[in-house]
Amino acid sequence: MRWIWIDKFTEFTSKTSATAIKTVTLAEEHLHDLYPAFPIVPHSLIVEGMAQTAGILVGEARNFREKVILAKIGRATFHRLVRPGETIQFQARIDQLSEHGASVSGSVTSGEQTVADIELMFSHIDQNMAGLKFPEHNFVFTEQFTDLLQSYRAAANISI
Amino acid sequence: MALSHDEIYAKVKEVLVDALGVDDDEVKPESSLKGDLGAESIDFLDISFRLEKSFNIKIPRGELFPEGLDASFVQDGKLTDAGLAEVRRRLPHADFSELEKTRDVSLVPNLFAVRDIVEYLERKTA
């Protein structure tokens with residue numbers, strides 16, 4: 001089973017941009033790992049949320065034919081902490097997309113406030129790791145990931 | 001108007017500093033991307049994207065970096081005769097002694113230096 005960190009998409013424009021939200025609850029164990037009695041969302045999980053949002057955006061751009069992996073965090077600047085009870089929004093925009101991969105800029109917000117600015121690079125591994133063999137099936141985009149997108153499209157009444 | 005050699009070099013340097021997190025004075029024309037500047041395979045894609053943005057050009061697959069060699073030039077991780085000839089054509093300044101011995105395709109990025117990017121862009125933007 002894969003771990004899904006975003007709750008749902010609220011906007012998805014193929015090959016261009018996507019927005020997903022995540023509501024943070026006190027019940028999540030990993031919030032308590034950094035500072036006793038001061039639960040926060042670790043920065044690494046904020047990057048993970050952006051990677052999932054952007055990764056699905058990049059995968060959908062090629063109809064999930066490519067195995068898309070997070071290859072590089074170009075920049076991650078954090079402006080404030082995120083606490084339980086907040087709903088954070090991950091906005092991702094594709095800057096460049098090629099047969100080799102994609103670069104994405106993203107911003108993370110909570111209400112009107114900016115939480116983080118993140119730049120990520122994704123690789124289409126079958127196109128970049130010449131000579132290495134990977135499983136035939138797409139192990140990156142399992143049903144759990146594609147279901148997120150289908151739920152959004154169903155709610156927005158967009159044909160799949 | 002075409003950019004001068006110095007203008008191209010300055011922009012390439014800026015791209016490499018941003019993409020690889022190296023200091024400005026570490027980037028020299030003869031610096032190899034992998035050996036001297038510590039570039040990893042994914043950095044080549046990053047650099048490619050940044051160059052496209054900075055110079056407002058499209059870099060077709062395999063045109064700039066040797067690691068974008070067509071699969072027909074590589075067999076079981078080794079360069080074929082045609083592959084070796086292709087790398088020689090693209091990197092005329094490089095020292096091929098090690099590569100000729102092993103044919104190991106993973107050594108190719110070691111040969112690629114900053115001046116090769118600058119020369120490519122001079123041709124591309126002329």
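A residue counts as buried here if 20 or more other C-beta atoms lie within 10 Å of its own. In this predicted model, that criterion picks out a run of residues in helix 2 of chain B: B:Asp43, B:Phe44, B:Leu45, B:Asp46, B:Ile47, B:Ser48, B:Phe49, B:Arg50 and B:Leu51 are buried. The helix has 15 residues and spans 22 Å from its first C-alpha to its last, close to the 21 Å expected at 1.5 Å a residue. After helix 2 of chain B comes B:Asn56, which has a positive phi near 55°.

The partner of this helix is best approached through the fold of chain A. Chain A contains three helices and six strands, and its elements follow one another from the N terminus as β-β-α-β-β-β-β-α-α. Of the 160 residues in chain A, 33% are buried. Among the contacts in chain A between residues at least 6 apart in sequence, 66% connect residues at least 24 apart.

The six strands of chain A make an open sheet with antiparallel pairing, in the order 1-2-4-5-6-3. Strand 1 (8-13) and strand 3 of chain A are its edge strands, each pairing on one side only. From one strand to the next the twist averages 20°. Helix 2 of chain B, residues 41-55, packs on this sheet and touches strand 3, strand 4 (87-97), strand 5 and strand 6 of chain A. Its direction makes about 110° with that of strand 6 of chain A.

The strand pairings can be followed from one edge to the other. At the strand 1 edge, strands 1 and 2 of chain A pair in the antiparallel sense over five bridges, strand 2 covering residues 17-23. Within strand 2 of chain A, A:Ala20 is the residue opposite A:Phe9. Further along, strand 5 and strand 6 of chain A are antiparallel and share 10 bridges. These two strands form a hairpin with two residues between them, and A:Gly111 in the turn has a positive phi of about 60°. At the other edge, strand 3 of chain A runs antiparallel to strand 6 of chain A, joined by nine bridges. A:Ile118 in strand 6 of chain A appears in both of these last two pairings: A:Gly106 has A:Ile118 as its bridge partner, and A:Ala76 stands opposite A:Ile118.

Which strands of chain A supply the side that touches chain B? The contact between the chains involves 13 residues of chain A and 10 residues of chain B. Strand 3 (68-78), strand 5 (101-110) and strand 6 (113-124) of chain A each supply at least two residues of that side of chain A. Strand 3 of chain A gives the most, with three residues. By type, the residues on the side of chain A that touches chain B are three nonpolar, eight polar and two charged.

The largest nonpolar core has 65 residues, and those with the most contacts inside it are A:Met50, A:Leu120 and A:Phe122. Helix 1 of chain A, residues 43-61, provides the largest share of this core, seven residues. Beyond its neighbours within four places in sequence, A:Phe122 is in contact with A:Gly55, A:Val58, A:Val68, A:Ile69, A:Leu70, A:Ala71, A:Gly101, A:Ala102 and A:Val104.

Helix 1 of chain A also holds A:Gly49. Is A:Gly49 buried or exposed? A:Gly49 is buried, because 26 other C-beta atoms lie within 10 Å. Leaving aside neighbours within four places in sequence, A:Gly49 is in contact with A:Trp5, A:Ile6, A:Lys22 and A:Phe90. The C-alpha atom of A:Gly49 is 9.1 Å from that of A:Gln89, 40 residues apart along the chain.

Two loop residues remain to be considered for their backbone angles. Most residues other than glycine have a negative phi. A:Ala37, which is not a glycine, has a positive phi of about 65°. A:Ala37 lies in the loop between strand 2 and helix 1 of chain A and counts as exposed, because it has 5 C-beta neighbours inside 10 Å. In chain B, B:Asp76 likewise has a positive phi, near 50°. B:Asp76 sits in the loop between strand 1 (74-75) and strand 2 (78-79) of chain B. With 7 other C-beta atoms within 10 Å, B:Asp76 is exposed.

Definitions and conventions. Residues numbered from 1 in each chain as written. Chains lettered and ligands numbered in written order. Predicted model: local features only at pLDDT ≥ 70, side-chain atom pairs only at ≥ 80, totals over all residues. Contact = placed C-beta atoms within 7 Å. Helix = DSSP H or I, 4+ residues; strand = E, 2+ residues; numbered from the N terminus. Nonpolar A, V, L, I, M, F, W, Y, C, P; charged D, E, K, R; others polar. Pairing = 2+ DSSP bridges. Axes fitted to C-alpha atoms, helices over the stretch in contact; angles between N-to-C directions. Core = buried A, V, L, I, M, F, W, Y, C linked by C-beta atoms within 7 Å. Buried ≥ 20, exposed ≤ 12 C-beta atoms within 10 Å, placed from the backbone. Expected span 1.5 Å × (residues − 1).
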